[in-house]
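Here is a quick walk through the sheets, the helices packed on them, and the empty spaces inside. Have the structure open as you read.

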Amino acid sequence: MVHFEFPYGKGTISTDIEEERVNKVLIPPFHTYYNEKAEEKIIEESLLHPIGTARLQEQVKGKKSVVIISSDHTRPVPSRIIMPLLLKEIRSGNPDIDITILIATGCHRETTRQELEEKFGTDLVEREKIIIHNCDAQDDLKECGRLPSGGRLLLNKFALETDLLIAEGFIEPHFFAGFSGGRKSILPGIAGRETVLYNHNAQFIDDPNAKTGVLKHNPVHEDMIYAAKRAGLAFIINVILDSCRHIIYCVSGDYEKAHMEGVNWLKRASTVKVEKTEVVLAANGGYPLDRDIYQAVKGMTAAEAAVKDRGVIIMLAQSIDGHGGESFYKTFYNKKTLAEIAEDFIRTPREKTVKDQWQSQIFCRILRKASIIYVSDLPDDIIRNMRMIPEKNIQNALCRAEHILRKKDFKINIIPDGVSVIVDNGSTNLQEKNIGKDRDKILSQNTL
C-alpha cells in the first residue's frame with residue numbers, strides 16, 4: 001500500500017492505495033525545487049535586475065502617483081512578503097510619491113477587511129491607501145478602445161489616470177488563458193464586467209488554443225495583451241510558488257518580456273507526461289483554491305487531460321464557500337441534458353456572454369467526458385444538482401468508481417495539485433470533443 005495525503009482546505013485528506021493500482025503521480029518538477037535563498041532575497045534580486053525595463057526606483061523619479069495592482073482574496077499571492085519590498089523600492093526612488101494599492105477583483109466579490117489583513121498584514125492595511133476594484137461601478141470605469149475581438153475595453157479609471165501603473169501577482173498554469181500573471185492583472189483584474197464577459201465568450205473558450213499552458217494563438221490571451229498595452233502597464237513583479245506556497249522564483253520588469261521569462265521557466269518545470277487511465281484522483285491545491293466548486297473546475301481540467309473517455313474523475317475539494325456562484329449552479333440545476341447545455345453555450349453571441357458562462361462551459365465539457373465523484377464538505381444535494389456524485393472520503397469514492405466502471409483492476413493517475421500541473425498526454429487537443437452520444441444517460445445512471 002502507498003499512503004497519500006492531499007491538500008484539502010487548510011488541512012489534508014489522506015488514503016492508502018494499492019501500489020499496483022497507481023499508474024503515475026503527477027507532481028510538477030518545480031514542487032520539489034529548492035531555492036536556498038530566502039524569499040525576501042529572491043524578490044530583492046529580481047527588483048535589482050528587472051527584465052526589459054529600468055529599475056522601478058528609477059521609473060518613479062519625477063512621478064506624482066503610482067498605482068500598484070494586487071491580486072484579491074482568491075489568489076494565494078504572498079503579498080505580505082512582496083508588497084513591503086515593492087513599496088520600499090518605490091519610495092527609495094521617490095519618497096513623496098502618492099501610492100495607491102488597487103485590488104484586482106475581476107468579477108469576484110469585494111475583498112473584506114479581514115482578508116486584506118490576512119493578505120498584507122494589519123499594519124500595512126492601516127498605513128497604505130487601498131482601493132478595491134468593482135467591475136460594476138460605472139463611475140469608476142473608463143473606455144479606452146476596442147479589444148482585438150471587438151468588445152469594448154473598460155478599465156478602472158484609477159489605473160488609467162496614474163502616472164505609473166505596476167502590478168504584483170503570480171504565475172501558474174491557467175485552464176483557458178494559458179498562464180496567469182502579467183497581463184491578467186489588467187484583464188480581467190481591473191476590467192469592467194462587460195469587458196470580462198466579452199473576453200470569456202463561448203467561441204474563445206471552445207478554441208483549441210485556449211487551454212492550459214498555451215499562449216500562442218490563444219484568443220483569450222491576445223485580448224489580455226492588448227488590454228495591458230492600452231492600460232499602460234509599465235512594470236510587473238510576478239512570483240512562482242511551490243506546493244507549500246513558498247516563493248521559489250521571481251520575475252520583474254516589462255509586462256510581456258518578464259512574464260514570458262517566468263512562463264518559460266514554469267512551463268519546463270510544470271509539464272508532466274502521462275498515459276491516460278480510467279480513474280484520476282485529483283485535488284485542487286487546498287485553500288483558497290478549493291474553496292468552492294467553481295474554483296475546483298480548474299483542477300478538474302488537469303484530471304480531464306489525464307483520464308480516458310468515459311472514465312471517472314475523483315475530485316477532492318473542501319468547498320467551504322459552497323458552489324461558488326448562482327448562475328454557475330443554476331446552469332446545471334435544470335432538466336436540460338449536458339449536450340443541450342453545451343449547444344446553448346456555442347450559440348450564445350459574444351456580447352451576450354453571461355456571468356460564469358466560461359466556467360460552466362468547461363465544467364460541462366468535463367462532465368460529458370467523465371463521471372465526477374466529488375469529495376467535499378458540501379451537502380449531497382448540491383453536488384447532485386451539479387451533475388456530480390457525492391462522497392465523503394476517498395475510499396468510498398474508489399468503491400463508487402468500481403461500481404461505475406464495473407471492474408476493480410483499473411489504473412489510477414494521481415494529481416495532488418491539479419491547478420499547478422500541465423498534463424502532456426500526447427494529444428494535440430485536450431478538449432476531446434468526440435465524447436459519445438450516450439454520455440448523459442451514463443451520468444444519470446451513475447448518480448442514482
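Before we start, a word on angles: axes are lines fitted to C-alpha atoms, for helices over the stretch in contact, and angles run from 0 to 180 degrees between N-to-C directions. Contact here means heavy atoms within 4.5 Å.

## The mixed sheet

Keep in mind that this is a predicted model. Let's begin with helix H3 (residues 79-93), which lies across S4, strand S5 (98-104), S9, strand S12 (233-241) and S13. The direction of H3 is at about 170° to that of S4.

The sheet in question is open and has six strands, in the order S6-S5-S4-S9-S12-S13, and its pairing is mixed. At the edges sit strand S6 (129-132) and strand S13 (247-253), each of which pairs on one side only. On average, neighbouring strands of this sheet are turned by 20° against each other, direction ignored. Take one pair as an example: strand S4 (residues 65-71) and strand S9 (residues 164-170) run parallel and are joined by four bridges. Val 66 has Leu 164 in S9 as its bridge partner.

## The parallel sheet

There is also an open sheet of six strands with parallel pairing, ordered S3-S19-S15-S16-S17-S18. Its edge strands are strand S3 (22-25) and strand S18 (389-391), each pairing on one side only. Here the average turn between neighbouring strands is 20°, again ignoring direction. Six bridges hold strand S15 (residues 277-283) and strand S16 (residues 307-316) in a parallel pair, and Ala 282 finds its bridge partner in Met 315 of S16.

Which strands does H11 touch as it packs on this sheet? They are S15, S16, strand S17 (371-375) and strand S19 (412-415), and the direction of H11 makes about 140° with that of S16. Helix H16 (residues 394-405) lies across S15, S16, S17, S18 and S19, running at about 160° to S16.

## What the record says

UniProt, in an unreviewed entry, places "domain: LarA-like N-terminal" at residues 8-213. In the model that span is 28% helix and 25% strand, and its end C-alpha atoms lie 25 Å apart.

The feature "domain: Lactate racemase C-terminal", also from an unreviewed entry, is listed by UniProt at residues 273-423. Over those residues the chain is 41% helix and 21% strand, with the end C-alpha atoms 6 Å apart.

## Empty space inside

How many cavities of 30 Å³ or more does a search of the whole structure find? The search turns up two. The largest has a volume of about 210 Å³. It is lined by 20 residues, and Phe 175, Thr 212, Lys 298, Thr 301 and Ala 302 lie nearest its centre. Strand S10 (173-174), helix H11 (293-306) and strand S20 (422-424) are the elements that give two or more residues to this lining. H11 gives the most, with five residues. By class, the lining of the largest cavity divides into ten nonpolar, five polar and five charged residues.

The second largest cavity holds about 110 Å³ of space. Of its 15 lining residues, Phe 30, Phe 170, Glu 172, Leu 241 and Ser 420 are the closest to its centre. This lining has nine nonpolar, two polar and four charged residues.

Note on methods: Residues numbered from 1 in each chain as written. Predicted model: local features only at pLDDT ≥ 70, side-chain atom pairs only at ≥ 80, totals over all residues. Heavy atoms only, no water. 1 Å grid on protein atoms, 1.4 Å probe; cavity = no way out; pocket = protein on both sides within 12 Å on 5 of 7 lines; lining within 4 Å. Points joined across faces, edges and corners; volume = space filled by probe spheres on them. Nonpolar A, V, L, I, M, F, W, Y, C, P; charged D, E, K, R; others polar. UniProt positions renumbered as here; feature names shortened; annotations may be inferred. Pairing = 2+ DSSP bridges.
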